[in-house]
There are 2 protein chains.
Amino acid sequence: MESGGDGDIPENANEHCPGPQSESAGKSDACEGCPNQQICATAPKGPDSDLIPIAERMATVKHKILVLSGKGGVGKSTFSAQLSFALAAMDYQVGLLDIDICGPSIPKMLGLEGQEIHQSNLGWSPVYVESNLGVMSIGFMLPNPDDAVIWRGPRKNGLIKQFLKDVYWGELDFLVVDAPPGTSDEHISIVQCLQATGIDGAIIVTTPQQVSLIDVRKEVSFCKKVGIKVLGVVENMSGLCQQLADVKFLKPSETGKHTDVTDWALQYIRDQAPELLNMMAYSEVFDSSGGGALKMCHEMGVPFLGKVPLDPQLCKAAEEGRSCFEDQTCQVSASALKSIVENLIPKRTAENGA
Amino acid sequence: MESGGDGDIPENANEHCPGPQSESAGKSDACEGCPNQQICATAPKGPDSDLIPIAERMATVKHKILVLSGKGGVGKSTFSAQLSFALAAMDYQVGLLDIDICGPSIPKMLGLEGQEIHQSNLGWSPVYVESNLGVMSIGFMLPNPDDAVIWRGPRKNGLIKQFLKDVYWGELDFLVVDAPPGTSDEHISIVQCLQATGIDGAIIVTTPQQVSLIDVRKEVSFCKKVGIKVLGVVENMSGLCQQLADVKFLKPSETGKHTDVTDWALQYIRDQAPELLNMMAYSEVFDSSGGGALKMCHEMGVPFLGKVPLDPQLCKAAEEGRSCFEDQTCQVSASALKSIVENLIPKRTAENGA
């Protein structure tokens, strides 16, 4: 790996690598033929001078939680958003930092689309949902929301550092950091920048699918390698659960075209089988016969935080930038999310006195 | 942006930028205070010497198609895998290249987990599903599948170049490239490396959600900026559609715990309302009231290729590394996918004579 730990020596380095931070990096005899030679020879050296201003900014932040996922689209940003809403509703002072530079969803999920960042003499001001919930994202900086952010790693890393150095959060109980999927530049940078100031740990979000769990294992390995505690794993989209009355009914035909017969079907149910109307319809969308996240957690020795069902009402709340806790519409998912947050937070406050 | 087009000048460059490839990059008067100054001053200069061996390798590949998505988890790799299966079933010679370095799902989705790459004097040999379907992925190179690939951009770019330079595909009708979500290192690299050899275009996969469509707009912008034709947009997970008989029934209780009453409910339906058993249950998982991908395509002037429903059987086929076309289990999604492929390919073959 390229970061953290033992002198930062890349895995594919030659024997007797002097280390990429060394003055002789890329230039010593041992560097001949190493695939990293050119990068090492030209990269800036020495300890990172940005770490001091970052530490100063972070001195007013009690807890820092990373939200990670191996695979994209598992609901990581939805979870980060709802976790932040939940913490704010518990009267904590909360900051939510979106470091997904190429695909920032956080502004939309907090209902803050079209907002802009303001500068003061204290630094960049977050955009506030409520007085105790501030948000920072590159999404607030794009002149046109359709613009692609076509940035290679160094520029992404530069912006993440600026977020950490220049944003004036004030006193925070919790800083929730929503990371993009994977284990690359953004992840290495956030860990390198925050590690000295103390990261409470990472929450990893997954779906029950094997393809997602494979990537979660990589994410757990990442945390272990860089020394970040895994607070736990959330299994999201654990089956689709909704009122039978909300389901649509289609009549299949030979040609593959389906006719919508929902009105007829609901009347038929009311007449013939009314007890069905009180039932919830549950579909296992993603095959979890492999044991899902619970089994993976057991195997990898990390806590399992719970399952959240795939709830179209939660998807809708996320699209509309609303908290799922503010009314009863997301009942199915909100109760699951709430018990996850409650499991997570009392522990942390007891340990650290937030 | 950092790549492609007009002399490669970054968007945030100072006026009179000499261009990052210039000998005076980072050193001219115009560079003072530019955020890219350090990177430009230290980066290697001149045309990329790898482009020649890449062009030689690609000379035997008729068509190159990128599969992109703005957001992760929208089913891009599932689509890439099934597109490759479909093309192979049409007797084309197909290569599938996975450039998602940190989260390679392709080996699992093609049923090739645990396989390894072999070297010959012609180069790295792809792993073959069938004689006319070869696959290359970093997933074949990891000693332990749980290992995280914690790589910054330059290493990812290096491996992508190696894939393009060193893999011996032989004669191919189609090379399908499955990219990670976003618009960063991997995307810039694959376009820079392949553009001189001709890329037929990109297929962009999305879900109907607004948060996904926002990112797709960025992906379309990316294609326009780097001059890649958008072959079209696929709307995946367009509602969950399955036989009512496959749905489970839960009885809700006051405490929020649900009891599984599926056996009772199915018997009750058989007794009271048997006509329901032939119906398909359809749930709109992601809110598409914004008009979904079709409206977005219209607004951005790119072709809409079609919708694929969220089909648990397709998810299962992907998990098990099977083609969804080989039997009738994935009927709902397979027919949608097939018509998308058929729309796409006759056009291409007519134009280019594959």
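# Exercises on a predicted two-chain model

The side chains of Lys338(B) and Glu342(B) are joined by a salt bridge, with 3.9 Å from N to O. The model is predicted, so local features need pLDDT of at least 70 and side-chain atom pairs count only at pLDDT 80 or more, while totals for chains, interfaces and linings use all residues. Residues are numbered from 1 along each chain as its sequence is written, chains are lettered from A and ligands numbered from 1 in the order in which they are written, and side-chain values use heavy atoms, with hydrogens and water left out.

**Exercise 1.** Find where Lys338(B) and Glu342(B) lie, and decide whether each is buried or exposed, or in between.

*Solution.* Begin with the rule: a salt bridge is a side-chain nitrogen of Lys or Arg within 4 Å of a carboxyl oxygen of Asp or Glu. Next, locate the partners, which both lie in helix α11 (residues 331–352) of chain B, 4 residues apart, about one turn of the helix; helices here are DSSP runs (H or I, at least four residues), numbered from the N terminus. Finally, use the accessibility classes, in which buried means under 20% relative accessible area, exposed over 50%, and partly exposed in between (1.4 Å probe, protein chains only). Lys338(B), at 46%, is partly exposed, and Glu342(B), at 41%, is partly exposed.

**Exercise 2.** Describe the salt bridge between Asp50(A) and Lys165(A), and place both partners in chain A.

*Solution.* The N to O distance of this salt bridge is 3.1 Å. Asp50(A) sits in the loop between α1 (37–42) and α2 (51–58), whereas Lys165(A) belongs to helix α5 (residues 153–166), so that the pair links distant parts of the chain, 115 residues apart. Asp50(A) has 18% relative accessibility and counts as buried, while Lys165(A), at 22%, counts as partly exposed.

**Exercise 3.** Classify the aromatic pair formed by Trp264(A) and Tyr268(A).

*Solution.* Rings of Phe, Tyr and Trp (its six-membered ring) pair if their centres lie within 6.5 Å; planes under 30 degrees apart count as stacked, over 60 as edge-to-face and the rest as tilted. A search of the whole structure finds 6 aromatic pairs over all chains. For Trp264(A) and Tyr268(A) the centres are 4.7 Å apart and the planes stand at 15°, so the pair is stacked. Both residues lie in helix α8 (residues 262–272) of chain A, 4 residues apart. Trp264(A), with 36% relative accessibility, is partly exposed, but Tyr268(A), with 12%, is buried.

Methods. Helix = DSSP H or I, 4+ residues; strand = E, 2+ residues; numbered from the N terminus.
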